[in-house]
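Take a look at the fold below. We will follow a few side-chain pairs, then step back to the whole chain.

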Amino acid sequence: MPVSPSSAAQAAREVVAHRLRDLRKSAGLTVVELADRCGWHHAKTSRIENARTAPTAPDIRAWCAACGMPDEADGLVAQSLHAESLYTEWRTQVRAGLKALQGSEPNLFRDTALFRVYSSSLVPGLLQTEGYAAGVLGISARFRDVPVDDSAAAARARVERGRVVHEPGRRFVFVVEESVLHYRVCDTEAMAAQLGHLLTAGALPQVSLGIIPTNTPSRQQWPRETFHVYDDRLVSVELVSARVRITQPSEIDLHLAAFEQLRSMAVYGAAARALIRRAIEALDQPGGV
């Protein structure tokens, strides 16, 4: 398991590792003795205790049994599973298909009142049309070499998930870079439909759509990786290889500070619509972007 770029994930792993080390020491066992009782090489014990290797549930149960404290196992297994959920590789998430991924966290969407999304690369998923989503997910399916390409069905599921934008009692703040309006991730017709949808969605009273112009002078923040903030309790960051879930308050605060700086550089209302219309016009220009 690779070390997470999120200190929250690594800190959660270290809590489990330190508890396992304490159990070994309380039992009066050396690293070698515990390894012998568990039936593995002593180097594995060291890697687990130093949080370089994430223990499996059987590893934890064998460890606790070897220390004469089997009742500790269930709690530590739960802690370990939580730690690993903070950093999840995309290759693990797409095993069940791209469609299943669209509805993998229903409680998160149901329980969130304020959605804040920053994107430097794509139209945010909650604002995607089916044609645009199919283009994005098709690229993802090919890049990740998924066993079954269900990107078309996944696109429909993504649009269905996006209906949360119309549910009462919720607010949505989207900030995107102007370049997002020009990246051709689908055919011209689908791209035109997507841009037209942004004009409509951006006018909804519960939606704030800000666009950071490419020629913004003296930027306070350079384009960042895409991230989503759910209320003030969770940040989800999308990397090439994985999704990182951040729950540590200090890291959430840092992302919120970055979001506010990015939001302050964006234009809204008529100025944002003008940028979208310019992108639509560019679709008809030979060689236009």
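In this predicted model, start with R19 and E72. Their side chains form a salt bridge, with N and O 3.3 Å apart. The partners come from distant parts of the chain, 53 residues apart. R19 sits in helix α1, which covers residues 7-26. E72 sits in the loop between α4 (57-66) and α5 (73-85). Are these two residues buried or exposed? R19 has a relative accessibility of 30%, and partly exposed means between 20% and 50%, so R19 counts as partly exposed. E72 also has a relative accessible area of 30%, so E72 is partly exposed.

Now move to a second salt bridge, between E49 and R24. Here the N to O distance is 2.5 Å. E49 belongs to helix α3 (residues 42-49) and R24 to helix α1, so this pair ties together parts that are 25 residues apart in sequence. Both E49 and R24 are buried.

Helix α3 has another link to show. Its residue K44 forms a salt bridge with D59 of helix α4. The closest N and O atoms are 3.0 Å apart. In sequence, K44 and D59 are 15 residues apart. How does D59 count, buried or exposed? Its relative accessibility is 11%, and the cut-off for buried is under 20%, so D59 counts as buried.

Stay with helix α3 and look at how α2 packs on it. Helix α2 spans residues 31-38. The axes of α2 and α3 are 8 Å apart, and the angle is about 110°. Angles of 65 to 115 degrees count as roughly perpendicular, so α2 and α3 are roughly perpendicular to each other. The crossing of α2 and α3 is right-handed. Which residues make the contact? From α2 they are V31, V32, L34 and A35. From α3 they are H42, T45, S46 and E49. E49 is thus a residue with two roles in this account: it touches α2, and its side chain meets R24 in a salt bridge.

Now step back. The protein chain has 289 residues, and 47% of them count as buried. Its secondary structure comes to 13 helices and seven strands. Consider contacts between residues at least 6 apart in sequence: 74% of them join residues at least 24 apart. The whole structure holds twelve salt bridges, including the R19 and E72 pair. Finally, turn to the surface. The chain exposes about 14,300 Å². Carbon and sulfur atoms supply 54% of that area.

Technical notes:
Residues numbered from 1 in each chain as written. Predicted model: local features only at pLDDT ≥ 70, side-chain atom pairs only at ≥ 80, totals over all residues. Heavy atoms only, no water. Helix = DSSP H or I, 4+ residues; strand = E, 2+ residues; numbered from the N terminus. Buried < 20%, exposed > 50% of the residue type's maximum accessible area, 1.4 Å probe, protein only. Contact = heavy atoms within 4.5 Å. Areas by Shrake-Rupley, 256 points an atom, 1.4 Å probe, with all protein chains shown as cover. Salt bridge = Lys/Arg side-chain N within 4 Å of Asp/Glu carboxyl O. Axes fitted to C-alpha atoms, helices over the stretch in contact; angles between N-to-C directions. Parallel < 35°, antiparallel > 145°, perpendicular 65-115°, else oblique. Left-handed = near helix turned anticlockwise from the far one by under 90°.
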